[in-house]
Amino acid sequence: MATEKPAGLFAAAALSIALISYLLFSDQTSAILPWRKAPRKCSRKKRKERRGLVEAIGNTPLIRINSLSEATGCEILGKAEFLNPGGSIKDRVAVKIIEEALESGALVEGGIVTEGSAGSTAISLATVAPAYGCKCHVVIPDDAAAEKAQIIEALGANVERVRPVSITHRDHFVNVARRRALEANELAAKLGEASEIKDNGMSKDYSKGGFFADQFENLANFRAHYEGTGPEIWEQTEGNLDAFVAAAGTGGTVAGVSQYLKENNPHVKCFLIDPPGSGLFNRVTRGVLYTKEEAEGRRLKNPFDTITEGIGINRLTKNFLMADLDGAYRGTDKEAVEMSRYLLKNDGLFIGSSSAMNCIGAVRAARALGPGHTIVTILCDSGIRHLSKFYNTQYLTDLGLAPNATALEFLDHPYDNTKPRCLP
């Protein structure tokens, strides 16, 4: 009988271990052992459909620009649009234009999107179009930074270079792009099958016709920012911002963002920052569209004689007319160059010329409003596509624009009227 005791003990021990294991690992033990939470069950909720590349566009970070914030006593925040897949804020516009065109039937899968662009919009369209099964043909002024054309070609789009002329000229890059879409549609309608346009670089199969993106006048541009960029800024600041500042090319960004912010808080101040050769400053401040050069009787043959690219214009676009602005500032090429180097040295921000101009506007707004305010601007693109001009030391030296500032003293001169100009 003595030999049966160990067996009984072993049985009792095994039963205890089994009971403890059940209590520790069973889904039912959270009530018995309150410190142990029941494991989370896998949700059967249907996952959101993934959309590929376009899903990565937008929702960019709103970053604090430390050096400018500390120098002004304000919180100066930059929307880091250079982090979009195509490298700029124009990715948003490209997606919106193509999606609306596909929905309306103006563009079909396999069709060609044409656009006249100084660079960033063209790069974005060339990036995004294949995601929708479309092709891209870009007409670009031949004085744009060479690397922009190289990027567009590397993305598989056709690039057609033309000389810079007035928008009223039939061979302005925007007008040529419009014609290319019409030609593609005419040929597709005439042949009803594979067709080629052999004399303008469109040498592939474009039997599906063409669609002119028309970024300047297409209000999908405005809607991209009214429905996307503006709401993101509002959410990221939790509605706590005092001013928004941006330059305008097509006008879509400043219009969409300003209108959205004003609708949510009429007290948010929205300002334009305008580069040399552009007439928008006078439009906002005096109600008349003209440039400083025209007023002095020395208008340049090419009115956009500035090293900043993608901003400034001497006509009113449908997109810009949607803007809700409180005033405007001016910026110079020299200030843009100095600002870009200042931010690179002090913040590690490698930005393009339009982004630098926006930061000039942000500092001017901060000085006008005084310490303690929050100002938001747009970091449109990085400096990587501005190497041949804006970041070319010899090019800048030849123009007398070589940077030499050590701080923000380049903004401390009579041209920097602290108060924004605005209509009475």
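How many residues apart are glutamate 183 and arginine 180 in helix H6? They sit three residues apart in that helix, which spans residues 173–191, so about one helical turn separates them.

## The overall picture

This is a predicted model. Its chain has 424 residues, and 51% of them count as buried. The secondary structure adds up to 13 helices and ten strands.

Sequence-distant contacts feature here too: take the contacts between residues at least 6 apart in sequence, and 72% of them join residues at least 24 apart. As for the outside, the chain's accessible surface is about 20,400 Å², with 54% belonging to carbon and sulfur atoms.

## Salt bridges in and around H6

Searching the whole structure turns up 19 salt bridges. One of them is that H6 pair: glutamate 183 and arginine 180 have their closest N and O atoms 3.1 Å apart. Arginine 180 is buried, at 10% relative accessible area, while glutamate 183 is partly exposed at 23%.

Arginine 179 has a salt bridge as well, its side chain meeting that of aspartate 171 at 3.3 Å, N to O. Arginine 179 is partly exposed, with a relative accessible area of 21%, and aspartate 171 is also partly exposed, at 28%.

## A long-range pair and a network

Glutamate 217 and arginine 315 form another salt bridge, with 3.0 Å between the closest N and O atoms. This pair ties together distant parts of the chain, 98 residues apart: glutamate 217 lies in the loop between strand E6 and helix H7, and arginine 315 in the loop between helix H10 and strand E9.

Then there's a salt-bridge network, which links Lys79, Glu81, Arg92 and Glu232.

Definitions and conventions:
Residues numbered from 1 in each chain as written. Predicted model: local features only at pLDDT ≥ 70, side-chain atom pairs only at ≥ 80, totals over all residues. Heavy atoms only, no water. Helix = DSSP H or I, 4+ residues; strand = E, 2+ residues; numbered from the N terminus. Buried < 20%, exposed > 50% of the residue type's maximum accessible area, 1.4 Å probe, protein only. Contact = heavy atoms within 4.5 Å. Areas by Shrake-Rupley, 256 points an atom, 1.4 Å probe, with all protein chains shown as cover. Salt bridge = Lys/Arg side-chain N within 4 Å of Asp/Glu carboxyl O.
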